[in-house]
Amino acid sequence: MKAASGTSAATVRPSICRTCQMNCPTLVSVDNGKIVSITGDSSVPLYRGYTCVKGREHARLYGHPERLLRPLKRMSDGSLQSISLRSAIDEVAEKIQLIIDRHGPESVALYQGNHCAFGHPANVPVSEAFMAAIGSHHTYTVVPLDQPGKFTSLAFHGKWMAPGHKSKPDVILVVGNNALVSHQGQAGPPNDLLKDLSSRNGSLLVIDPRRTETANRARIHLAPRPGMDAAILAGILHVIIEENLYDQEFVSENVDGLETLRENVAPYTPQYVAQRVDIPVDHLVEVARIFGTARRGYALAGTGPSMAGHSTLVEYLCKALDTVCGHWSRAGDMVEDLPCLLPYSEPRAQAIPPFPIWGRATRVRGLFASTAGMPTAALPDEILTPGQGQVRALLSLGGNPAVSWPDETKAVSALRSLDLLVHTDIQMTGTAELAHYIFPSTLPYETPGLNQICDLAPVVSPFWGTPRSFARYTDALVAPPSDSEVADIWKVVYLLAQRMGVQLSIAAGMSELISETPAGSAAGDLHMSRVPTSAEMIEISLAGSRIPLEEIKRHPRGLMPREEIRVLPKQEGWEGRLDVGNQYMMEELHSFLKADVHDNCAYPFRLLCRRMTHVFNTRSPARPTNRPDYNPIFVHPADMVVIGVVDGAMVEIRSEHAAIFGIVASDDTLRMGTVAMSHGFGGLRDADRTPRRTGSNTGRLIANDSYFERYSGQPRMSNIPVALRPVTEEADC
Ligand SMILES: Nc1nc2c(c(=O)[nH]1)N[C@H]1C(S)=C(S)[C@@H](COP(=O)(O)OP(=O)(O)OC[C@H]3O[C@@H](n4cnc5c(=O)[nH]c(N)nc54)[C@H](O)[C@@H]3O)O[C@H]1N2
Ligand SMILES: Nc1nc2c(c(=O)[nH]1)N[C@H]1C(S)=C(S)[C@@H](COP(=O)(O)OP(=O)(O)OC[C@H]3O[C@@H](n4cnc5c(=O)[nH]c(N)nc54)[C@H](O)[C@@H]3O)O[C@H]1N2
Ligand code: SF4
Ligand SMILES: [Mo]
């Protein structure tokens, strides 16, 4: 396809945005081997040409002066020097081998950040294969810092073998998620779901201390004290059970624990909850009645409640709500969003009963691997704690641990203390500043790819991903700059393995991306003497996929399989039942009846997590010029008066653990007494005195060992008690 662009004719090619989990289909204008612009592809009905500012601005990254183009090596004087890819691989392979010989394979750890999973589909399987081949279990992901409860709660609740009611819901209860900005919800234009809901007279119910873009559209918005979601959900369950609004037939056939749940939510009367969390009692009762009487719908939690310290419990209670209300597909119902890229797994109207959550123990705080994976917040301690099993080398792939890990001070000293830190990135970040070797990465449109994150999303949360199965493949559209030595993440790992003489075996292809999915068919051993191409690696990663890659490739604009998949009936003699009365969960719920342990008048505000439209976590060089290049601290105007600051003023934000500086932005959507700030900003600890230039890292305010969830190790990363005081830039920075 040709399109006019200035004097020359640009070629417009279909592709996929890989900047966030939504994987919007894009049209990319390429002129003279360079990306000129990125727009949405309106030929795909599910997306109707939607893109956001991040996806469009991404075009500016390709020739950006801040982009890393050649591998870098840290010299003995601390400076970084260019090195060839070949030499960097040789040196790193030798150093890893030496560490393994001296300290054993368990001294090597792997961290897969967002862009490891978002980028080339082989990044995750190849890096996991590397860890398996050297014999280390130290593989960590972002999940335990994000919404680990999505995985851990399954172990306590069990899993329905068919999806929830994704299409045509009558009710959606959103707890601390703002999909209109984060796009973490149904894929496609974020408004479509809400428009469809209101056109059918359905109800959007939102629980969020901030009147978010999503809350603004709600029939009822509860703006409670943060961190109390479990108590609110217990109050909703209380009403639904006491008023017999639940689905008695579904429960008697498939669910255990209702009586235990009834007893444990009994103290959570609407009056008690309303008073504890400071919301109108009639609103709470109305939310419960709307949810309980809706035949189709779902409860969906986001990062807010997860990060407030009770990820597993909040997710468990959301599942309990859907389960007692019978919001799961039954035999004969259509399944419209089965992943295309995973092996086929039969939807059945039956329950997988609860399964063990406990995995291998760590050496830290009694934490262990769980169904959410290894506890990432324990990794800094695994690095800093001497003795048998100490981690000494880290492969940091597609993330930014120095900035994104909670407890920045500890995280940075851990990363600094490593014998070897190998990092892949596209720009100099906090982590790159600490790395011994940096491998610059290809950018998405320089390598072939798939929409795997969106396609697989419904397996993690039935309410994520496209409403209908949709797979799209893209070729590489442009070559990396001619004088560069950038590489896909999988390729760096492959070359290291090759140099170390290690055989890589891809065991489960794409299923590696979602830990709770049964392994797919084995693709087997990789050829280790001839480096596969990026296109070949996609074929290998997709072995056993429900829709074969050749079929997907035949549809350059994407494939929406024409199929009629229906939920199969329960197998004869099947005894599995879901559990809504798990003992651990009920004990944790009980703890909400006590006073809030975090109440301390020295820290009168609560700092909430939040996302901003124009940036995906770590700040990017390709950012819109009309937005500040820092992360403001949003404060309610009435609270600004109390603190004595005006818009744009600088404040010190102090938690029990540490202090950072922030620039105030007035925001009357916040509940008074709460303030909000995005993460992913700020330079390294020692150098960070420039909140107006680089922003500040909220992770520094968090201690990873004071308040943390026992199942995932996730520290409290939202609802952080803080004190705010005005500061003058000259005196304090
Ligand atoms: N205080 C606090 N901490 C948090 C959170 C919070 O809300 N508050 N949120 C948590 C959550 S939900 C998550 S998911 C984690 C995120 O944790 P990470 O995944 O560690 O962090 P990101 O910022 O997403 O990482 C992006 C990194 O990838 C690089 N990058 C960008 N594009 C590309 C690319 O195309 N290829 C490659 N190779 N690299 C690229 C960026 O330069 C950056 O270094 O942070 C967690 N940390
Ligand atoms: N534009 C953009 N999109 C993104 C990202 C980004 O940085 N920018 N990050 C991506 C990542 S890594 C993730 S994990 C997803 C996250 O996606 P979401 O979970 O939708 O993230 P947020 O938009 O931060 O929404 C969290 C909400 O929780 C609320 N909240 C905070 N504390 C509490 C609490 O205790 N209780 C309740 N009920 N609510 C609370 C906040 O006010 C906020 O509105 O977004 C992804 N998408
Ligand atoms: S919503 Fe996500 S996938 Fe879509 S254009 Fe924006 S960043 Fe890209
Ligand atoms: Mo995340």
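**Exercise 1. Is Cys340 buried or exposed?** Then find out where its nearest cysteine partner could be.

*Solution.* Keep in mind that you are looking at a predicted model.
- Step 1: Look up the relative accessible area of Cys340, which is 0%.
- Step 2: Compare this with the cut-off, since buried means under 20%. Cys340 is therefore buried.
- Step 3: Look for a sulfur partner. The nearest cysteine sulfur belongs to Cys454 and is 10 Å away, and Cys340 is in no disulfide. A disulfide would need the two sulfur atoms within 2.5 Å.
- Step 4: Widen the view to the whole structure, which holds 0 disulfides.

**Exercise 2. Work out how far the model can be trusted.**

*Solution.*
- Step 1: Start with the overall confidence: the mean pLDDT of the protein is 94, and 95% of its residues reach 70 or more.
- Step 2: Now turn to residues 516-521, where the pLDDT is below 50. This stretch has 19 contacts in the model beyond near neighbours in sequence.
- Step 3: Draw the lesson. Where pLDDT is low, the predicted coordinates should not be read in detail.

**Exercise 3. Describe the surroundings of helix H5.**

*Solution.*
- Step 1: Locate H5 at residues 149-157.
- Step 2: Check its burial: 9 of its 9 residues are buried, among them Lys150, Phe151 and His157.
- Step 3: Ask what lies over them. The cover includes strands E9 (159-160), E14 and E23 (578-579), along with helices H13 (303-324), H18 (452-460) and H22 (583-590).
- Step 4: Step past the end of the helix. Gly158 follows H5 and has a positive phi, near 90°.

**Exercise 4. Explore the enclosed spaces, beginning with the largest cavity.**

*Solution.*
- Step 1: Count them. The whole structure has 5 cavities of 30 Å³ or more.
- Step 2: Take the largest cavity, with a volume of about 180 Å³. Its lining has 15 residues, and Ala179, Gly185, Gln186, Leu193 and Leu194 lie nearest its centre.
- Step 3: Identify the elements that give two or more residues to this lining: strands E10 (171-175) and E14 (297-301), and helices H6 (179-182) and H7 (190-199). H7 provides the largest share, 3 residues.
- Step 4: Sort the lining by class, which gives 11 nonpolar, 4 polar and no charged residues.
- Step 5: Move on to the second largest cavity, of about 80 Å³. Among the residues lining this second cavity are Cys17, Cys20, Cys24, Lys54 and His183. By class, 6 are nonpolar, 4 polar and 1 charged.
- Step 6: Pick out Cys24 from that lining. At 8% relative accessibility, Cys24 counts as buried.

Methods. Residues are numbered from 1 along each chain as its sequence is written. Chains are lettered from A and ligands numbered from 1 in the order in which they are written. This is a predicted model: local features need pLDDT of at least 70, side-chain atom pairs count only at pLDDT 80 or more; totals for chains, interfaces and linings use all residues. Side-chain values use heavy atoms; hydrogens and water are left out. On a 1 Å grid over the protein atoms alone, a cavity is a set of points where a 1.4 Å probe fits but cannot get out, and a pocket is an open set with protein on both sides within 12 Å along at least five of seven lines; lining residues have an atom within 4 Å of a point. Grid points are joined across faces, edges and corners, and a volume is the space filled by probe spheres set on the points. Helices (H or I, at least four residues) and strands (E, at least two) are DSSP runs, numbered from the N terminus. Ala, Val, Leu, Ile, Met, Phe, Trp, Tyr, Cys and Pro count as nonpolar, Asp, Glu, Lys and Arg as charged, and the others, Gly among them, as polar. pLDDT is the predictor's confidence in each residue, from 0 to 100. Contact means heavy atoms within 4.5 Å. Buried means under 20% relative accessible area, exposed over 50%, partly exposed in between (1.4 Å probe, protein chains only).
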